[in-house]
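Subject: Structure handover

Hi,

Here is the structure I promised to pass on. Please open it alongside this email.

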Amino acid sequence: MTRDLLVVDKVTKRFGGLKAVGGDAGLSFSVPEGTFLGLIGPNGAGKSTTFNLISGVLKPTSGAVILDGKDLSVARPSDIASYGLGRTFQTPRAFPSLTVLENVMVGADNEGETLLSVLRGGWRSRERALRAKAGEVLDRVGLTERINDVVANLSGGELRMLEVARQLVRDPRILLLDEPTAGVDPSLQAKLSRILVDLHAEGRTLVVVEHNLHFLLQIADSVVVLQNGELLSKGTPGEIKADEKVIAAYLGADHAA
Amino acid sequence: MNTVFQIGLTVLMFGSLFSVLTLSLNLQYARGGMINFGTVAYFAAGAYAYAIVTQEPPHGLDQYLVGLDMPWWVGFIAAGIAAMAFAILTGWPTLRLRGEYLALTTFAFAEMLNSLLVNERGIGNGTVGLANVERPDANILGLSENIVYALAAFALMLATAYAFRRLLASPYGRAVDAIRDDEVAAQAIGKDIARLRFQVFVISSIPIGFAGALYAMITTLVNPDLFSAEVTFFVWIALVLGGERTLLGVVIGTMALVGFQEVIRAIPFESVRAAEIAASAEDIVTGILFIVILRWQPFSALARRRQAA
Ligand SMILES: Nc1ncnc2c1ncn2[C@@H]1O[C@H](COP(=O)(O)OP(=O)(O)OP(=O)(O)O)[C@@H](O)[C@H]1O
Ligand SMILES: [Mg+2]
């Protein structure tokens with residue numbers, strides 16, 4: 001049995017009267033190290049909120065999130081990121097005053113970002129290595145030609161890939177992706193699928209929210225289904241596809257729509 | 001010819017001096033995304049620290065309590081430290097505040113310092129201030145004192161611009177830009193935004209303290225009137241005037257504003273009345289300038305280093 005890298009333990013989140021995540025009992029699931037977990041559910045099911053609770057952007061109303069044995073209740077989002085958690089956002093975020101390359105380079109945990117290193121001036125040599133690494137990652141996500149562009153010139157899909165690249169350059173132990181294929185054209189989607197399969201093969205832990213079930217169920221090795229913030233089902237992609245409740249609640253709704 | 005030279009020298013001296021403030025403000029605002037409306041306080045902290053460290057111990061009618069009688073360079077260093085200390089004190093509780101709240105709080109801190117200087121006579125004789133501030137013998141190379149101080153101010157400005165440039169061209173500057181662009185995204189890549197913003201705030205206040213020391217040397221007088229909120233508004237206008245995109249623009253904006261004021265002041269008026277009118281005209285024109293510039297370059301658009309091409 002591999003150990004759990006991430007544990008979501010009886011977590012609830014309320015926005016005023018709205019029980020966005022966990023209902024009354026709380027949402028619990030765990031992600032063993034090296035797993036590729038798919039997180040699915042209809043619109044408003046609480047998937048993005050769950051990501052925000054894990055990454056510290058939001059704090060749970062009750063319950064706990066535990067990463068690699070560490071309780072994250074008082075950790076800031078930047079602390080959680082530095083513990084090895086990477087995430088993207090449903091609406092891609094970029095730094096408009098930086099170029100595409102800089103947008104990726106800034107992602108690395110960088111000793112050059114301390115005042116001492118600025119005084120010593122020793123950051124230049126490391127910067128070369130970082131630039132090379134950022135270039136490789138950009139190549140991997142298919143943005144090589146955009147390397148010196150400003151982010152304002154990128155399409156929505158390219159922004160998404162840029163955000164993935166910015167996380168990849170940090171070598172996170174666990175990577176949370178929120179709808180990575182939304183707005184991404186099919187050729188880039190295939191590329192993304194290959195990247196995720198490779199990352200998984202490298203032993204990295206992945207949690208991916210996707211509406212594109214065709215994309216997700218092919219590559220994930222287990223799936224958690226949310227509905228109204230609560231756990232509806234979990235299992236392998238095969239089990240999920242055959243689950244009556246899921247078909248009724250999610251696929252059914254999808255087909256009806 | 002002689003007056004033109006004198007005006008040029010004054011513009012170089014005070015233009016350079018205030019450019020140090022504008023450069024610091026530029027780092028805090030255009031790069032760090034922090035609105036500091038209390039700039040004058042760090043300037044005052046530097047000037048008073050310099051005066052107190054270099055002046056003789058109190059005697060006679062002096063109300064101030066401390067005079068350390070140290071050499072000028074000790075006072076100069078103390079000025080940088082004093083501004084830095086005041087930045088630590090004021091930045092720590094306030095930097096978590098957003099935009100206009102930070103502006104209001106820094107403004108309030110500056111007003112508090114001003115009223116402290118007025119009311120606590122033990123610091124600097126209250127409203128009377130500290131006169132005859134010590135200054136180093138500037139008669140070097142046979143140049144006049146004014147020329148030497150103008151050059152010193154210019155050198156301080158260059159050193160400040162160089163230090164900031166170096167900071168911003170490094171990975172550190174890139175992280176600072178990222179935080180200003182999008183805090184949530186910056187946190188998602190592990191940037192400690194509280195630490196970086198605090199550091200930027202504190203670092204950028206140090207040259208303001210040095211400028212305060214130099215200002216005290218030049219005027220040989222420090223009193224609360226010299227350090228009113230007008231100074232803060234002045235540097236903000238200069239920053240907006242020059243545009244925040246390049247350090248050179250910042251300096252040119254400041255020089256232009258100082259030049260404009262000096263030229264108006266140099267006009268020989270026939271009567272007191274005319275001089276009064278000119279003085280209010282200067283205020284009005286400065287105000288209009290501020291409004292006009294803000295109209296076409298609103299704050300939100302200001303904080304962008306490189307806009308979409
Ligand atoms: N900051 C917030 N304040 C108030 N309500 C919120 C907030 N964030 C999310 N919600 C609500 O919580 C519920 C869950 O939202 P969430 O974005 O997590 O859903 P989701 O599963 O990601 O949906 P989608 O598939 O549309 O992205 C929704 O009803 C949403 O309106
Ligand atoms: Mg969502």
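Below is what I found, starting with the ligand and then moving to the interface.

Please keep in mind that this is a predicted model.

**Ligand 1**

The shell around ligand 1 holds 13 residues. Gly44(A), Lys47(A), Ser48(A), Thr49(A) and Gln90(A) come nearest. By class, the shell has 7 polar, 4 nonpolar and 2 charged residues.

Three side chains are worth a look for their polar atoms. Thr49(A) has a side-chain N or O atom 2.5 Å from an oxygen atom of ligand 1. For His211(A), a polar side-chain atom sits 2.9 Å from a ligand oxygen. For Asn43(A), the distance from a side-chain N or O atom to an oxygen of ligand 1 is 3.2 Å.

How much of ligand 1 does the protein bury? On its own, ligand 1 exposes 630 Å², and the protein buries 61% of that.

Two elements of chain A each give two or more residues to this shell: strand E2 (18–21) and helix H1 (47–55). H1(A) supplies the largest share, with 3 residues.

**Chain A against chain B**

Now the interface. On the chain A side, 37 residues are in contact with 31 residues of chain B. The size of an interface is often given as the accessible area lost when the parts come together. Here the buried area is about 2,800 Å². Carbon and sulfur atoms give 59% of it.

How many salt bridges are there between the two chains? The count is 3. One of them joins the side chains of Arg93(A) and Asp182(B), at 2.8 Å from N to O. Polar contacts also cross the interface, with 10 residue pairs found where both residues have pLDDT 80 or more.

Which elements of chain A touch chain B with two or more residues? The helices are H2 (77–82), H3 (100–105), H4 (115–120), H5 (123–140) and H6 (156–168). Strand E7 (85–87) is on the list too. H4(A) gives the most, with 4 residues.

By class, the side of chain A that touches chain B has 18 nonpolar, 10 charged and 9 polar residues.

**Where to look**

For the ligand, begin at H1(A), which gives the largest share of the shell. For the interface, begin at H4(A), which gives the most residues to the chain A side. Then find the salt bridge of Arg93(A) with Asp182(B).

Best wishes

Notes:
Residues are numbered from 1 along each chain as its sequence is written. Chains are lettered from A and ligands numbered from 1 in the order in which they are written. This is a predicted model: local features need pLDDT of at least 70, side-chain atom pairs count only at pLDDT 80 or more; totals for chains, interfaces and linings use all residues. Side-chain values use heavy atoms; hydrogens and water are left out. A residue is near a molecule or strand if one of its heavy atoms lies within 4 Å of it. A polar contact is a pair of N or O atoms within 3.5 Å; within protein, one must be able to donate a hydrogen and the other to accept it, and residues adjacent in sequence count only if both atoms are side-chain atoms. Accessible areas come from the Shrake-Rupley method with a 1.4 Å probe; for residues, only the protein chains shown count as cover. Ala, Val, Leu, Ile, Met, Phe, Trp, Tyr, Cys and Pro count as nonpolar, Asp, Glu, Lys and Arg as charged, and the others, Gly among them, as polar. Contact means heavy atoms within 4.5 Å. Buried area is the accessible area (1.4 Å probe) that two parts lose on being put together, summed over both. A salt bridge is a side-chain nitrogen of Lys or Arg within 4 Å of a carboxyl oxygen of Asp or Glu.
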